[in-house]
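Visitor: I am new to this structure and would love a close look at a single part of it. Could you pick one spot and walk me outwards from there?

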Amino acid sequence: MTQPINGKFEMPSLPYAASDLAPVLSAETIEFHYGKHLQTYVNNLNAALLGSAFEGKSLEEIVKAADGGVFNNAGQILNHAMYFLQFTAPKEGNVPTGKIADAIARDFGSFEKFQEEFQAKGAGLFGSGWVWLSADVSGKLVITQEGNAQNPITKGLTPLLTFDVWEHAYYIDYRNRRPDYLKSLWNIVNWDVVNARLG
Ligand SMILES: [Fe+2]
């Protein structure tokens with residue numbers, strides 16, 4: 001979905017039903033967050049691209065080069081596609097596997113230390129945005145806070161995992177309790193997807 005089809009971007013297909021992530025994320029949250037918020041970004045970008053210099057470009061190319069409304073909507077489509085496609089049905093005690101497990105232990109000491117730092121950066125981001133795990137050009141893992149529609153690809157990083165901290169991501173299920181939402185998300189991370197992004 002990162003390439004336009006006949007000049008238009010489409011919604012990413014979810015690999016689960018709206019109710020499959022409950023109780024971590026309710027069907028209502030998926031219906032609003034995916035079904036309404038993401039759909040609006042897709043509609044807005046498709047409308048803004050008509051006749052613009054970015055028509056026919058990939059989502060990544062647009063995010064790296066655009067600004068204003070085109071950047072905001074393209075960034076939010078890329079961010080949400082990565083967010084929604086990295087989840088699977090809840091599993092208690094869900095932990096990283098494979099190469100990403102080794103890299104987290106190498107660069108953060110342990111999965112628990114990584115979780116603490118990731119949650120603290122997510123909880124501490126003022127306003128709307130995203131907390132990301134990415135790899136730098138040397139393969140070292142880094143955690144960054146990105147405001148609004150920002151994505152780590154604009155800093156030359158390879159994005160691997162993200163938790164959305166816009167209020168629309170958690171207010172239905174967690175109200176104002178952003179730290180509880182962040183803590184719960186670990187149970188639905190599909191580490192196979194994160195490993196595939198690590199390459
Ligand atoms: Fe969102």
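**A hairpin and its surroundings**

Guide: Happily! Let us start at a hairpin, formed by strands E1 and E2 with five residues between them. In its turn sits Gly139, which has a positive phi of about 95°. Please keep in mind that this is a predicted model.

Now follow the two arms of the hairpin. E1 covers residues 129-135, and its pairing with E2 is antiparallel, running over seven bridges. You can trace two of these bridges by eye: Ala135 has Leu141 of E2 as its bridge partner, while Leu133 is matched with Ile143 of E2. As general background, the strands of a sheet are joined through backbone hydrogen bonds, in either a parallel or an antiparallel way.

The hairpin belongs to an open sheet of three strands, ordered E2-E1-E3 and paired in the antiparallel sense. The edges are strand E2 (141-147) and strand E3 (158-164), each of which pairs on one side only. Leaving direction aside, neighbouring strands of this sheet are turned against each other by 25° on average.

Next, look for the helix that goes with this sheet. Helix H4, residues 98-108, lies across E1, E2 and E3, and it runs at about 90° to E2.

Let us step back a little further. The domain assignment of the protein gives domain 1 as 27-85 and domain 2 as 98-198. The C-alpha centres of these two domains are 20 Å apart. Their contact takes 20 residues from domain 1 and 21 residues from domain 2.

How much area is buried between domain 1 and domain 2? The value is about 1,700 Å², and carbon and sulfur atoms give 63% of it. Three residues stand out on the domain 1 side: Asn79, Met82 and Tyr83 supply 37% of the area that domain 1 buries against domain 2, more than any other three residues.

What about polar links across this boundary? There are zero salt bridges between domain 1 and domain 2, but 11 residue pairs are in polar contact, counting those with both residues at pLDDT 80 or more. On the side of domain 1 that touches domain 2, at least two residues come from each of helix H1 (27-49), helix H2 (59-65) and helix H3 (68-85). H3 gives the most to that side, with 11 residues.

Key:
Residues numbered from 1 in each chain as written. Predicted model: local features only at pLDDT ≥ 70, side-chain atom pairs only at ≥ 80, totals over all residues. Heavy atoms only, no water. Pairing = 2+ DSSP bridges. Helix = DSSP H or I, 4+ residues; strand = E, 2+ residues; numbered from the N terminus. Axes fitted to C-alpha atoms, helices over the stretch in contact; angles between N-to-C directions. Contact = heavy atoms within 4.5 Å. Domains from an automatic or database assignment. Buried area = accessible area lost by both parts, 1.4 Å probe. Salt bridge = Lys/Arg side-chain N within 4 Å of Asp/Glu carboxyl O. Polar contact = N/O pair within 3.5 Å; in protein donor to acceptor, adjacent residues only side chain to side chain.
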